[in-house]
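Student: Could you give me a close look at one part of this model, please? I'd like to follow how its helices and charged side chains sit together.

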Amino acid sequence: MAGHSAGYDRHITIFSPEGRLYQVEYAIKAIKCEGITTIGVRGADCVVLITQKKVPDKLLDPTTVTHMFGINPAIGCCVTGMLPDGRAQVREARYVSANFELKFGYPMPVHYLAKRLADSTQVHTQHAWMRPHGTVMLLIGMDEETGPQLYKCDPAGSFAGYRACACGDKEQEATNLLEKKMRGNPQLTRDAAVQLAISALQTVTSMDLKPADVEVAVVTKAQGKFTLLTAAEIDQHLTQIAERD
């Protein structure tokens, strides 16, 4: 960037005269440059993640390409942005979660895991020998006291819980759509939450999605486990959306 940013975007630890950290802003732009959109929706007794699945090479085995990762049996995440950075964050999340359960004897709550990851990410914005992660992580899980949980952690080290959220290429368009769909705080069932997430992604990407184009993950109160939907299950939901519309 020219003008005021000249010189201030060369080091992560230097604020510009306008009070901006350009390297953090560049990290957020890098996430959008991956061309992938991710949406999370929290229902009455479930929480859903959906993301685009793009296989960059026809010779790649599609089963080895994923942005969905399990942290422990009850918590999972979707990493949007630079996948190598995301895998490093997932490795850290698994280590933190396992240590917590070993020390305290019960699974780590989603909100505390999100806080720990955000704290770690924030450290990457204040040392000259580090760089911010080029990823946004959406965490989902089931809390014994508060029910379904959906958290979003960004490269600046910010985190918050959401009823529905989006990140990636079409983040703003998806957020605007979700604000309309979630008006009045609807108590969505599992199927309704999954179909809302799929239809929202179809709308903002202007694509007729196929099962191979997306990954969908769900955590329900009844099952309590982070589960990826099969291609057949995704196709069933796509068929129901097409018949409804």
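**Salt bridges and helix packing**

Tutor: Asp119 and Lys115 make a good starting pair: they form a salt bridge, and their closest N and O atoms are 3.0 Å apart. Please keep in mind as we go that this is a predicted model. The two residues sit 4 residues apart in helix 3 (residues 110–123), so about one helical turn separates Asp119 from Lys115. How accessible are they? Partly exposed is the class for Asp119, because its relative accessible area is 37%. Lys115 counts as partly exposed as well, at 36%. The cut-offs behind those words are under 20% for buried and over 50% for exposed, with partly exposed in between.

Now look at what helix 3 packs against. Helix 2 (residues 83–104) meets helix 3 at an angle of about 130°, and their axes are 10 Å apart. That angle is why helix 2 is called oblique to helix 3. The crossing of this pair is right-handed. On the helix 2 side, the residues in contact are Gln89, Glu92, Ala93, Val96 and Phe100, and they meet Tyr112, Leu113, Arg116, Leu117, Ser120 and Thr121 of helix 3. Sorted by class, this contact between helix 2 and helix 3 holds 6 nonpolar, 3 polar and 2 charged residues.

Let's go back to the charged pairs, since the count by this rule comes to 6 salt bridges. One of them joins the side chains of Glu171 and Lys32, with 3.2 Å from N to O. Glu171 belongs to helix 4 and Lys32 to helix 1 (residues 22–33), so this pair ties together parts that are 139 residues apart in sequence. Glu171 is partly exposed, with 23% relative accessible area, and Lys32 is partly exposed too, at 33%.

A further salt bridge brings together the side chains of Asp191 and Arg190, at 3.4 Å from N to O. Asp191 has a relative accessible area of 37% and is therefore partly exposed. Arg190, at 29%, counts as partly exposed. Some salt bridges share partners, and in this way Lys32, Lys152 and Glu171 are joined into one network.

Asp191 and Arg190 lead us straight to the next packing contact. Helix 5 packs with helix 6 (residues 231–244) at an angle of about 75°, with 10 Å between their axes. At that angle, helix 5 is roughly perpendicular to helix 6. Which residues make the contact? Helix 5 supplies Arg190, Asp191, Val194, Gln195, Ile198, Ser199 and Gln202, while helix 6 supplies His237, Leu238, Gln240, Ile241 and Arg244. By class, that gives 4 nonpolar, 5 polar and 3 charged residues for helix 5 with helix 6.

Helix 5 (residues 190–205) also meets helix 4 (residues 171–181): their axes come within 10 Å and cross at roughly 140°. Helix 4 and helix 5 are therefore oblique to each other, and helix 4 passes helix 5 in a right-handed crossing. Here the contact involves Glu173, Ala174, Leu177, Leu178 and Lys181 from helix 4, together with Leu196, Ala200, Thr203 and Val204 from helix 5. The class breakdown for helix 4 with helix 5 is 6 nonpolar, 1 polar and 2 charged residues.

Before we leave helix 5, have a look at the loops on either side of it. Most residues other than glycine have a negative phi. Asn185, in the loop between helix 4 and helix 5, has a positive phi near 55°. Its relative accessible area of 39% makes Asn185 partly exposed. Ser206 lies in the loop between helix 5 and strand 9 (214–220), and its phi is likewise positive, near 55°. Is Ser206 buried or exposed? Ser206 counts as exposed, because its relative accessibility is 66%.

For contrast, finish with a side chain in a strand. Leu49 is found in strand 2 (residues 46–52) and counts as buried, at 0% relative accessibility. Its C-alpha lies 5.6 Å from that of Val216, although 167 residues separate Leu49 and Val216 in sequence. Beyond its neighbours within four places in sequence, the contacts of Leu49 include Ile39, Met68, Cys77, Leu138, Ile140 and Val216.

Methods. Residues are numbered from 1 along each chain as its sequence is written. This is a predicted model: local features need pLDDT of at least 70, side-chain atom pairs count only at pLDDT 80 or more; totals for chains, interfaces and linings use all residues. Side-chain values use heavy atoms; hydrogens and water are left out. Axes are lines fitted to C-alpha atoms, for helices over the stretch in contact, and angles run from 0 to 180 degrees between N-to-C directions. Angles under 35 degrees count as roughly parallel, over 145 as roughly antiparallel, 65 to 115 as roughly perpendicular and the rest as oblique. A crossing is left-handed if the near helix is turned anticlockwise from the far one by less than a right angle, and right-handed if clockwise. Contact means heavy atoms within 4.5 Å. Ala, Val, Leu, Ile, Met, Phe, Trp, Tyr, Cys and Pro count as nonpolar, Asp, Glu, Lys and Arg as charged, and the others, Gly among them, as polar. A salt bridge is a side-chain nitrogen of Lys or Arg within 4 Å of a carboxyl oxygen of Asp or Glu. Buried means under 20% relative accessible area, exposed over 50%, partly exposed in between (1.4 Å probe, protein chains only).
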